[in-house]
Each structure stands twice: as structure tokens, then as C-alpha cells.
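Hello, and welcome to a short round of questions and answers. Please keep the viewer open while you read.

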Amino acid sequence: MRLRRSLFRLCLLAVGLSALAAPAAAQSVNRAAIDELNAQLLYVALPLALFVELTLVYAIYRFRDNDDPSPTVDDPALEITWTAATGAILVFVGISAFVVMANPYITPAAAQASTPDDAFADDHEVEVLAYQWGWEFSYPEANVTTEERLVIPANRNVTFRLQTADVIHAIYIPDLGIKQDIFPGRTLTARTHATEPGEYRLYCAELCGSGHSKMNATVVVKNQTAYDAWVENQTEVTGNQTAAVED
Ligand code: CUA
């Protein structure tokens, strides 16, 4: 009885801790989907891990002075139960992960291929060029180009057309939940819908030579008014040339 009560208390503690570990508000739709998946898997994994460890501790304690251990007896019902339970958990993990993978922000290329018309036609588009070693961002709607600084509007669908000038690079913006390899000779797609204006880090996530570690940039998410003002400013200042790094 006492053991059962302590087990119950431990489970409560675990649930409390996992609630504390729940992530803060996400900065993009992609990030929200990934965070939600992580939380879901945590809620499944935590009780299971507790159950296994507590069973182990219980068995060690309960049979500590057993000088004459008898061999395990077959128990088909128990074996079928744990096989089925494991199967059900794996199916749950598989389906949860698949739902997130199929999200048009996480895997935009697949989503685009499966729609007859261009589903992203209304997206704000940014052309991203990765090269050894840096980033160039072009905004076709505004006819502006920036280096090492990516500016996008908040609360709008943004599609990135990714190209590399030389070797394989990978665009990685952890806070926005974006990661995509960029292969030579192909145009790849990444997509997001940022929800929180702010500044985020962008990295290259593919070892691409001696300057790999220098290959980072800043992502600036601005609300629409600030974004429009920025575009206007860029166009005025530079006369449609490569823009200086400024807000
Ligand atoms: Cu580009 Cu590493």
C-alpha cells in the first residue's frame, strides 16, 4: 500500500515536471508544430520511463534476499499484452511524426507537389543564395537584395527559394523551426509563417569548407508596417542596388 502511494506521488511529480518543461509561445507556425510534437512524445515517454525504472527498483528491492530464484514461467497473456502495447505506442509515435512531416510549412515541397495549382502563389517570396561563405537574400516583389540579413514580414506566409552557388549548404533558423539542405543545381523550398517580430539567428548547418562557421546571418521579423517602411527605405537609399546592412 505504501509502495503504491509513493508510486502515485512519483507519477504526479513527473506530470508536474513535464508541465513545467512545456515550451514558451513559439515564434512561427513551424516551430509551434515541432514543439507540440516534442511535448506529445514527452508525455508518452515520461510515464513509460518511470514505469520501467520503478518496476526495476521494485524487483531489486522485493527479491533482494532471494537465495533460490526460480526460472521465469511462460505467460502468453502478458507477452501478448506488452507486444501489443509497444506496437500501439510505436504507431502513435509514427502517426504523430508523420502529421508534422506532412505540414505544408515543414515539408513545403511535398505539399506543393500534391496540389494542382501553386498553393503558395500568395506567399511572400524570398530568394536565398548560399555561397562559400555567406548568404544573399533577394526580395523580387521589392527588387531589393541584402547580405547577411534576412528581413521578413510577420503574420504572413513566406516561401524561400533556396539555391547554392557552389557546394552543399543548409539553411537553419532554429527559432523559426526551419532547416533545409541546399543542393547545387536545384532550387529547394522552405516556408514559414512567423508570428513573433524579433531578431533570430540563421546558420549554415552543413560543413561546407573552412569558412563554414562564419556562415551565419540575422533574421529580422517585422510587422507589416515596419516591413513596408524598411522596403521603401531600402529602395530609396540604394536605388535598387545591393542594400547596406541597416534596418
Ligand atoms: Cu555553408 Cu556550412
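The turns below look at backbone angles, a sheet and a pair of residues.

This is a predicted model, in which local features need pLDDT of at least 70 and side-chain atom pairs count only at pLDDT 80 or more, while totals for chains, interfaces and linings use all residues. Residues are numbered from 1 along each chain as its sequence is written, and side-chain values use heavy atoms, leaving out hydrogens and water.

Q: Is the peptide bond from Q132 to W133 cis or trans?
A: Most peptide bonds are trans. For the bond that leads from Q132 to W133, omega is near -5 degrees. W133 lies in the loop between β1 (124-131) and β2 (134-139), where strands (E, at least two residues) and helices (H or I, at least four) are DSSP runs numbered from the N terminus. The bond from Q132 to W133 is therefore one to check in the viewer, and its geometry is cis.

Q: Which residue in the loop between β3 (144-147) and β4 (149-153) has a positive phi?
A: Most residues other than glycine have a negative phi. In the loop that links β3 to β4, a residue that is not a glycine has a phi of about 60 degrees. At 28% relative accessibility it counts as partly exposed, that is, between buried (under 20% relative accessible area) and exposed (over 50%), with a 1.4 Å probe and protein chains only. The residue is E148.

Q: Is N155 buried or exposed?
A: N155 is found in the loop between β4 and β5 (157-164). Its phi is positive, about 55 degrees, although N155 is not a glycine. Because its relative accessibility is 53%, N155 counts as exposed.

Q: What is the order of the strands in the open sheet of 5 strands?
A: Two strands pair if DSSP finds at least two bridges between them. Pairing in this open sheet is mixed, and its edge strands, β4 and β7 (178-182), each pair on one side only. The twist averages 20 degrees from one strand to the next, using axes that are lines fitted to C-alpha atoms. The order is β4-β10-β9-β6-β7.

Q: Which residue of β10 stands opposite L150?
A: β4 and β10 (residues 216-222) run parallel and are joined by 5 bridges. Opposite L150 stands V219.

Q: How many Å apart in space are A109 and L188, C-alpha to C-alpha?
A: A109 is found in helix α4 (residues 108-113), and at 47% relative accessibility A109 counts as partly exposed. L188 is 79 residues from A109 in sequence. In space, C-alpha to C-alpha, the two are apart by 7.6 Å.

Key
Axes are lines fitted to C-alpha atoms, for helices over the stretch in contact, and angles run from 0 to 180 degrees between N-to-C directions.
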